[in-house]
Amino acid sequence: MRILFFGRGVISVQYAWAMEQAGHTVEFYVREGRKETFGSSIKLEMWDARKGKQLVKENWNVTLHEKISPGYDLIIVSVNTEQLPAAAQLLSAVAGSTPILIFNNLWQDLKSSISPLSMNNVVFGFPGGGGGIEDNRLRGGFLKMLFLEQPRAGTEAINNKVKVLLESAHFKIKWIKDMQNWLWNHFAMNAAMETEVLRLGSFAALMNDSDSFANVGRNMREMIPVIKARGGNADMTSLLLTKIPPALLGTLFNKVIFAKGSLARLFMEYNNSKAGFAILEVVREAKRLGIAMPRLTSALENSGQYKAEALG
């Protein structure tokens with residue numbers, strides 16, 4: 001397949017590399033002026049966990065475009081959540097009938113999040129990896145498992161195309177029946193963790209603070225009423241975060257899920273993205289619904305950039 005990745009972020013680069021390894025042609029769309037800034041290669045230091053745990057270290061040559069031309073079999077979009085509306089607007093004008101995989105975290109309802117694109121031309125998925133990029137150096141990795149919504153009426157052909165692509169690159173798909181609810185819960189979990197990142201200063205600091213994950217559980221409890229008010233429900237991960245006593249939850253995350261040396265911990269430690277937007281989105285929705293959210297609101301008010309938005 002000939003695949004265009006919209007953006008050259010950490011997720012796009014890692015999955016594009018894996019797909020090129022499987023024999024596909026991968027290219028990137030970047031904003032005007034970024035092609036020269038990014039250059040024609042990127043330094044990779046990433047863990048590939050599809051077959052064991054292998055460290056990939058190489059300078060990978062990439063093809064970047066500042067305009068989107070026809071002729072692609074699939075477009076994969078993985079951008080910062082706040083950038084998705086602009087990406088969807090641009091793709092609606094230039095993508096034509098090319099099918100699109102939205103490989104993104106989302107808090108809006110699925111249809112409005114990609115407007116004015118047609119839902120019949122889009123499928124939603126979520127990666128199983130992470131990390132960060134700094135000074136044209138990517139550190140991170142990806143797991144064998146990733147997530148893909150079950151076909152909706154009208155998307156069966158696109159889902160199958162994406163399935164064939166992912167399996168050709170030796171990924172294992174976990175099918176999600178209710179992608180909307182799954183993404184709401186996952187976004188809320190991100191907001192719960194970002195609340196602690198704002199307090200501590202970085203994702204790496206989150207991993208090394210003994211109270212951090214107990215607080216993540218407390219933060220998550222504030223968001224369950226918002227998810228329910230939107231018509232969703234708490235999934236198994238959310239229930240884990242909210243029902244287990246905070247002290248036990250902290251031990252579980254620090255000693256098991258994010259144990260030292262685990263890939264999950266490394267992905268978080270390498271994450272150098274800016275925290276706060278997920279919290280702001282959830283707080284805005286809570287205000288609209290009339291639901292109190294003192295822990296998250298306080299985190300925003302104590303951060304310089306988001307203080308005005310939190311109080312507005």
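Me: Ok, two strands pair if DSSP finds at least two bridges between them. With that in hand, how many bridges join strand β3 to strand β10?

Reply: Seven, and keep in mind that this is a predicted model. The seven bridges link residues 41–49 of β3 to residues 137–143 of β10, and the two strands run parallel. If you want a pair to click on, Lys43 has Arg137 in β10 as its bridge partner.

Me: Nice. Which sheet are they in, and in what order do its strands come?

Reply: β3 and β10 belong to an open sheet of four strands, ordered β4-β3-β10-β9, with mixed pairing. Its edge strands are β4 (54–61) and β9 (129–134), each of which pairs on one side only. On average, neighbouring strands here are turned by 20° against each other, ignoring direction.

Me: Which helix packs on that sheet?

Reply: Helix α11, residues 263–270, packs on the sheet and touches β3, β9 and β10. The direction of α11 makes about 150° with that of β10.

Me: Back to β3 for a sec. Is its pairing with β4 parallel or antiparallel?

Reply: Antiparallel, over eight bridges. Within that pairing, Leu44 stands opposite Glu58 in β4. The β3 and β4 hairpin has four residues between the strands, and Gly52 takes a positive phi near 80° there.

Me: Switching topic: what's the order in the sheet of eight strands?

Reply: That open sheet runs β5-β2-β1-β6-β7-β8-β11-β12, again with mixed pairing. β5 (64–65) and β12 (172–176) stand at the edges with a single partner strand each, so one side of each has no neighbour in the sheet. Further in, β1 (residues 2–6) and β6 (residues 74–77) pair in the parallel sense over four bridges. There, Leu4 has Ile75 as its bridge partner in β6.

Me: And which strands does helix α5 touch?

Reply: Helix α5 (residues 156–168) packs on the sheet, where it touches β1, β6, β7, β8, β11 and β12. Its direction makes about 150° with that of β12. Helix α6 (residues 179–200) packs on this sheet too, touching β8, β11 and β12, and makes about 40° with the direction of β8.

Me: How do the axes of α6 and α13 cross?

Reply: They come within 9 Å and cross at roughly 40°, with α13 covering residues 294–301. That angle makes α6 oblique to α13. The crossing is left-handed.

Me: Which residues meet there?

Reply: Ala191, Thr195, Glu196 and Leu198 from α6 meet Arg295, Leu296, Ala299 and Leu300 from α13. By class, the contact has five nonpolar residues, one polar and two charged.

Me: Now α8 and α10: is that crossing left-handed or right-handed?

Reply: Right-handed. The axes of α8 (residues 212–229) and α10 (residues 246–257) come within 7 Å and cross at roughly 120°. Angles of 65 to 115 degrees count as roughly perpendicular and those over 145 as roughly antiparallel, so α8 and α10 are oblique to each other.

Me: What's in that contact?

Reply: On the α8 side you'll find Phe213, Ala214, Gly217, Arg218 and Arg221, meeting Pro246, Leu249, Gly250, Phe253 and Asn254 in α10. Those divide into five nonpolar, three polar and two charged residues.

Me: Last one, the overall picture: how many helices and strands are there in the protein chain?

Reply: The protein chain has 14 helices and twelve strands. Its radius of gyration is 19 Å, close to the 20 Å from the globule rule for 312 residues, so the chain is as compact as a globular protein of that length. Along the principal axes, its C-alpha atoms fill a box of roughly 50 × 40 × 35 Å.

Definitions and conventions. Residues are numbered from 1 along each chain as its sequence is written. This is a predicted model: local features need pLDDT of at least 70, side-chain atom pairs count only at pLDDT 80 or more; totals for chains, interfaces and linings use all residues. Side-chain values use heavy atoms; hydrogens and water are left out. Axes are lines fitted to C-alpha atoms, for helices over the stretch in contact, and angles run from 0 to 180 degrees between N-to-C directions. Contact means heavy atoms within 4.5 Å. Angles under 35 degrees count as roughly parallel, over 145 as roughly antiparallel, 65 to 115 as roughly perpendicular and the rest as oblique. A crossing is left-handed if the near helix is turned anticlockwise from the far one by less than a right angle, and right-handed if clockwise. Ala, Val, Leu, Ile, Met, Phe, Trp, Tyr, Cys and Pro count as nonpolar, Asp, Glu, Lys and Arg as charged, and the others, Gly among them, as polar. The radius of gyration is taken over C-alpha atoms; the globule rule is 2.2 Å times the number of residues to the power 0.38.
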